[in-house]
Amino acid sequence: MSHDRSDESALAKARWFQSLSVEERLALFCEITEMAIARNPALLRGKDARPADGRIQVLSRA
């Protein structure tokens, strides 16, 4: 067993995240958000945030 982050692929991380329950995912999101705000309180100001003009269309390869 390795504890080196470089040994983990993006796919392995995605699978791990998908294995979490909705409650666990939300708790993790809240922890990351709190950590980001603790490191940069200016994130709470958010004066530059604006809704996108017009419609948004998501494209994907078929």
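Is Trp16 buried, partly exposed or exposed? Trp16 is partly exposed, at a relative accessible area of 48%. That sets up the views below, all taken from a predicted model.

**View 1. Trp16 and Phe17 form an aromatic pair.** The ring centres of Trp16 and Phe17 sit 6.5 Å apart with the planes at 55°. That angle falls between the 30 and 60 degree cut-offs, so the pair counts as tilted. Phe17, like its partner, is partly exposed, here with a relative accessible area of 34%. The aromatic pair count for this model comes to 1.

**View 2. Helix α2 runs from residue 22 to 39.** With 18 residues at 1.5 Å each, α2 should span 26 Å, and its end C-alpha atoms are indeed 26 Å apart. How many of its residues are buried? The number is 0, so α2 lies largely in the open.

**View 3. Met35 on helix α2.** Met35 is exposed, with a relative accessible area of 54%. Follow the chain 25 residues from Met35 to Ser60 and you end up 32 Å away, C-alpha to C-alpha.

**View 4. Stepping back to the whole chain, with its 2 helices and 0 strands.** The radius of gyration is 17 Å, whereas a compact globule of 62 residues would come in near 11 Å. The C-alpha trace spans about 45 × 40 × 25 Å along its principal axes. Just 2% of the 62 residues count as buried. About 6600 Å² is exposed, with carbon and sulfur atoms supplying 56% of that area. As for charge, the mean positions of the 10 positive and 9 negative charges lie 9 Å apart.

Technical notes:
Residues are numbered from 1 along each chain as its sequence is written. This is a predicted model: local features need pLDDT of at least 70, side-chain atom pairs count only at pLDDT 80 or more; totals for chains, interfaces and linings use all residues. Side-chain values use heavy atoms; hydrogens and water are left out. Helices (H or I, at least four residues) and strands (E, at least two) are DSSP runs, numbered from the N terminus. The expected span of a helix is 1.5 Å times one less than its number of residues. Buried means under 20% relative accessible area, exposed over 50%, partly exposed in between (1.4 Å probe, protein chains only). Rings of Phe, Tyr and Trp (its six-membered ring) pair if their centres lie within 6.5 Å; planes under 30 degrees apart count as stacked, over 60 as edge-to-face and the rest as tilted. The radius of gyration is taken over C-alpha atoms; the globule rule is 2.2 Å times the number of residues to the power 0.38. Accessible areas come from the Shrake-Rupley method with a 1.4 Å probe; for residues, only the protein chains shown count as cover. Lys and Arg count as positive and Asp and Glu as negative; His and the chain ends are not counted. The place of a charge is taken as NZ of Lys, CZ of Arg, CG of Asp or CD of Glu.
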